[in-house]
Amino acid sequence: MEILGIDIGGSGIKGALVNTDTGTLTTDRFRVDTPPEATPQAVALVTKQIARHFDWQGILGCTIPARVEHGVVHTAANIHNDWIETRVDDLVSSATGCPTHCLNDADAAGVASIAFGAGRSRMGVVFFVTVGTGIGSALFTDQHLVPNTELGHLPLHGDAAENWASNRIRKEENLSWEEWAGRFQEYLDLVEFLFAPDTIIVGGGVSRPEKVALYRHCLQTQAELVIAELENEAGIIGAALSARQQLVS
Ligand code: BGC
């Protein structure tokens with residue numbers, strides 16, 4: 001079944017049609033810059049532009065970098081404050097005319113990984129972590145998602161872990177990949193202590209093979225540590241798959 005997946009990120013909003021049986025894109029990705037003032041209304045207009053681009057009237061799945069419970073956004077760590085309490089399913093659905101399901105961006109990427117990527121057939125506790133502007137998390141037990149875990153906000157050095165070990169911080173503080181890996185290791189130690197995952201999957205900007213080569217040797221975990229495979233298509237694929245799971249009976 002084909003579904004439009006849209007991934008809302010800090011710099012770009014990307015969409016593509018997804019074959020949700022195979023987890024593959026059936027079109028090229030269409031990208032629009034995230035509006036500088038990324039209010040709910042401004043972002044909704046971009047989702048409309050994307051749906052129009054694909055001439056799409058079917059089901060739509062959409063990610064958002066925030067906690068989303070039953071179609072309502074509850075946090076805004078890395079997005080405009082106006083998002084708090086926004087009924088995001090309704091907003092995107094009225095903008096595009098498509099039945100819409102929205103979910104947290106890391107949950108979406110994790111769902112894609114569990115269904116079609118490095119997490120496929122992995123049982124037990126799987127901790128999927130996406131490292132980019134923030135740190136996003138998706139926690140699975142026997143392939144079932146525990147939604148909205150927000151484990152990038154675990155306290156580390158007196159602040160949210162994502163303000164110590166994200167890729168944004170690596171760039172802002174001009175850290176070498178090995179220095180950053182030292183910080184990320186501390187974060188993984190904390191996660192292992194608290195959740196004892198069987199598998200840790202690392203996704204997001206730091207999962208590109210050329211980057212992994214620069215830091216992988218610095219990380220040591222009790223869990224099996226694997227690198228995500230779907231790279232920057234994971235959000236789009238996971239959004240589409242979740243929409244299918246939620247909206248198709
Ligand atoms: C947000 C999460 C999001 C993560 C990655 C964090 O700042 O709180 O909801 O998943 O960034 O984008």
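The domain arrangement of the predicted model is described here, followed by its aromatic pairs and salt bridges.

The domain assignment divides the protein chain into domain 1, made of residues 2-107 and 233-247, and domain 2, made of residues 120-229. Domain 1 is thus built from two segments of the chain. Taken over C-alpha atoms, the centres of domain 1 and domain 2 are separated by 24 Å.

At the interface, ten residues of domain 1 are in contact with 13 residues of domain 2. The size of an interface is often given as the accessible area lost when the parts come together. For domain 1 and domain 2, the buried area is about 800 Å², and carbon and sulfur atoms give 48% of this area. On the side of domain 1, Asn78, Ala106 and Asp107 supply 61% of the area buried against domain 2, more than any other three residues.

Polar contacts between domain 1 and domain 2 amount to three residue pairs, with both residues at pLDDT 80 or more. Strand E6 (68-69) and helix H3 (105-116) each supply at least two residues of the side of domain 1 that touches domain 2. By residue class, this side of domain 1 comprises four nonpolar, three polar and three charged residues. Zero salt bridges are found across the interface of domain 1 and domain 2.

Side chains of opposite charge can pair when their charged atoms come close. Over the whole structure, seven salt bridges are found. One of them joins the side chains of Asp21 and Arg244, with an N to O distance of 2.8 Å. Asp21 lies in the loop between strand E2 (12-19) and strand E3 (24-25), whereas Arg244 belongs to helix H8 (residues 234-247). The two residues are 223 residues apart, and the pair links distant parts of the chain. With respect to the domain assignment, Asp21 falls within the 2-107 segment of domain 1 and Arg244 within the 233-247 segment.

The structure also holds seven aromatic pairs. Among them is the pair of Phe30 and Phe54, which is edge-to-face, with 6.5 Å from centre to centre and 90 degrees between the planes. Phe30 is located in strand E4 (residues 30-33), and Phe54 in the loop between helix H1 (40-53) and strand E5 (60-64). This aromatic pair likewise links distant parts of the chain, its members being 24 residues apart.

Terms used:
Residues are numbered from 1 along each chain as its sequence is written. This is a predicted model: local features need pLDDT of at least 70, side-chain atom pairs count only at pLDDT 80 or more; totals for chains, interfaces and linings use all residues. Side-chain values use heavy atoms; hydrogens and water are left out. Domain bounds come from an automatic or database domain assignment. Contact means heavy atoms within 4.5 Å. Buried area is the accessible area (1.4 Å probe) that two parts lose on being put together, summed over both. A salt bridge is a side-chain nitrogen of Lys or Arg within 4 Å of a carboxyl oxygen of Asp or Glu. A polar contact is a pair of N or O atoms within 3.5 Å; within protein, one must be able to donate a hydrogen and the other to accept it, and residues adjacent in sequence count only if both atoms are side-chain atoms. Helices (H or I, at least four residues) and strands (E, at least two) are DSSP runs, numbered from the N terminus. Ala, Val, Leu, Ile, Met, Phe, Trp, Tyr, Cys and Pro count as nonpolar, Asp, Glu, Lys and Arg as charged, and the others, Gly among them, as polar. Rings of Phe, Tyr and Trp (its six-membered ring) pair if their centres lie within 6.5 Å; planes under 30 degrees apart count as stacked, over 60 as edge-to-face and the rest as tilted.
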